[in-house]
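User: I am a first-year student and would like a close look at one part of this structure, the surroundings of the ligand. Please explain each term as it arises, and then relate that part to the rest of the chain.

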Amino acid sequence: MFKKILIANRGEIALRVIRTCKEMGIKTVAIYSSADAESLHVRFADEAVKIGPPSSTESYLSIPKIMAAVEITNADAIHPGYGFLSENASFAEVTEEYGVKFLGPSAAMIRSMGDKITAKETMIKAGVPVIPGSDGLLKNVAAGIKLANEIGYPVIIKATAGGGGKGMRVIWADEEFEAAWDSAKKEASASFANDGIYMEKFIENPRHVEFQIIGDQHGNVVHLSERDCTIQRRHQKLLEECPSTVLTKKLRKEMGEAAIAAGKSINYEGVGTVEFLVDKHKQFYFMEMNTRIQVEHPVTEEVIDHDLIKEQIKVAAGEPLTGKNYFPTMHAMEARINAEDPFNDFRPSPGKITSFHSPKGHGVRVDTHVYAGYSVPPYYDSLIAKLICKAQTREDCIKKMKRALDEFIVEGIKTTIPFHRALMDDERFLSGKYDTGFLEEFVLEEPEIKE
Ligand code: MV4
């Protein structure tokens with residue numbers, strides 16, 4: 001087992017990893033930028049190394065600075081968390097060259113899933129359903145228009161280096177093709193320095209359902225069931241839950257098997273997520289694979305009652321899995337509490353938290369790095385807490401969420417708490433019948449000012 005893990009991240013996930021390491025008897029090293037000196041991950045780690053100024057590129061994204069921190073602290077493994085360098089193949093490579101274990105898959109696996117065309121080709125070979133579309137890269141506008149007519153509009157063009165919505169355009173007719181092509185290419189080349197584009201049939205009003213998988217070093221890959229992440233806005237997830245309201249037992253079995261086939265086809269090691277789109281006929285299609293622990297992993301932890309960070313560390317140390325899949329025994333939901341103003345287009349709202357009280361009680365979990373007096377820095381993502389509730393049924397889980405949101409006090413900054421509270425009263429959300437377009441139509445009413 002590892003003796004000392006350096007956490008190459010900040011915020012709630014850094015704290016989350018430190019907690020499990022403590023329970024496992026593993027020493028921890030925090031790294032931090034000068035904007036995070038007052039952060040709890042710095043306080044609770046056994047050692048902390050200040051690696052740079054607030055700017056991410058000079059701190060949490062600086063491979064040389066992080067490796068210097070590894071060297072001076074003698075850490076034998078690195079946990080990258082999510083975001084930052086978690087899916088950076090060069091970082092995984094450099095780490096392993098130093099003889100330090102990267103708590104994630106190999107550089108080759110990260111690369112193969114990072115390039116969306118390669119990922120799709122891999123899934124086709126593995127027998128995982130994919131969305132019909134171009135055979136690899138599209139050469140030019142003429143070839144694109146020809147194929148769009150064969151597939152039938154609407155189509156979507158996507159950047160092969162993309163993911164999470166960047167470099168993506170939906171096209172409804174020939175006349176729109178060239179403009180969409182030019183702007184997608186421009187965006188892709190600016191964002192990823194790779195302007196390769198491919199095409200797919202556009203699936204209208206899908207659900208986003210992802211499967212958590214875990215692979216060990218002995219060839220076992222199992223799934224830990226799904227998370228429904230349909231409630232999102234501009235590709236930012238706001239609420240995740242399990243079980244999904246669109247999955248039947250049969251569909252869960254089929255999608256779970258597809259997710260395992262996806263993992264096995266690349267000898268996947270570690271925790272990963274296979275994202276699917278589910279259309280209105282309940283056909284499912286592979287969309288992307290994420291080769292990291294995700295923000296929403298606590299939903300899975302609550303419904304299967306296992307610590308995913310602990311499992312991640314154990315498989316990285318070479319321990320074998322039992323080979324069985326895990327199914328939800330409870331209903332869980334995670335509400336992302338962001339320092340954003342939901343009444344003002346979710347505009348970031350950094351600043352000092354003057355008062356903070358987190359909800360408690362049976363079935364309520366709050367993962368957070370903030371406290372009263374903490375200043376949310378403007379430099380990083382706006383997630384300040386994750387409220388996770390669990391109960392026997394979806395209905396009871398929603399009741400618990402409402403109660404917990406009503407107890408949640410954050411003063412000094414704006415947060416997404418009012419958004420979640422309104423969501424819990426929304427008829428369509430309650431019915432479970434909605435799709436990824438849901439938040440486009442959702443109207444959040446400004447509360448009346450109390451006298
Ligand atoms: C799609 C799609 C419809 N059809 N692909 C969004 C982010 C990136 N991972 C892929 N995305 C989509 N790909 C086809 N062929 C619709 C989306 C999409 C979406 C997917 C999941 C959750 C929310 C979404 C919001 C807008 C678009």
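Analyst: The shell around the ligand draws at least three residues from each of domain 2 (132-201) and domain 3 (207-441); these domain bounds come from an automatic or database domain assignment. This is a predicted model, in which local features need pLDDT of at least 70 and side-chain atom pairs count only at pLDDT 80 or more, while totals for chains, interfaces and linings use all residues. Residues are numbered from 1 along each chain as its sequence is written, and side-chain values use heavy atoms, with hydrogens and water left out.

A residue is near the ligand if one of its heavy atoms lies within 4 Å of it. There are 17 residues around the ligand, and those that come nearest are Lys-158, Glu-200, Lys-201, Ile-203 and Glu-288. By class, the shell holds 7 nonpolar, 6 polar and 4 charged residues. Here Ala, Val, Leu, Ile, Met, Phe, Trp, Tyr, Cys and Pro count as nonpolar, Asp, Glu, Lys and Arg as charged, and the others, Gly among them, as polar.

Three polar contacts, that is, pairs of N or O atoms within 3.5 Å, may be described individually. Lys-158 places a polar side-chain atom 2.9 Å from a nitrogen atom of the ligand. Glu-288 likewise has a polar side-chain atom 2.8 Å from a ligand nitrogen atom. Ile-203 instead offers a polar backbone atom, 2.9 Å from a nitrogen atom of the ligand. Taken alone, the ligand exposes 530 Å², of which the protein buries 89%; accessible areas come from the Shrake-Rupley method with a 1.4 Å probe. The elements that give two or more residues to the shell are β6 (155-159), β8 (197-201) and β13 (284-290). Strands (E, at least two residues) and helices (H or I, at least four) are DSSP runs, numbered from the N terminus.

Two of these strands lead to further details. Tyr-198 has its place in strand β8, and Tyr-198 counts as buried at 5% relative accessibility. Buried means under 20% relative accessible area, exposed over 50%, and partly exposed in between (1.4 Å probe, protein chains only). As for β6, the loop between α7 (141-151) and β6 contains Pro-154, which is joined to Tyr-153 by a cis peptide bond with omega of about -5°. Another cis peptide bond runs from Cys-242 to Pro-243, with omega near 0°, and Pro-243 lies in the loop between β11 and α9 (249-265). Most peptide bonds are trans, and most residues other than glycine have a negative phi. Ser-225, in strand β10 (residues 221-233), has a positive phi near 70° and counts as buried at 0% relative accessibility. His-235 also has a positive phi, of about 65°, but is partly exposed, with a relative accessible area of 45%.

Beyond the ligand, strand β14 (residues 331-338) is mostly covered, with 8 of its 8 residues buried. Strands pair if DSSP finds at least two bridges between them. β14 runs antiparallel to β11 (residues 236-242), joined by 4 bridges, and Glu-240 has Glu-334 as its bridge partner in β14. β14 also pairs with β21 (residues 383-391) in the antiparallel sense over 8 bridges.

Note on methods:
A polar contact is a pair of N or O atoms within 3.5 Å; within protein, one must be able to donate a hydrogen and the other to accept it, and residues adjacent in sequence count only if both atoms are side-chain atoms.
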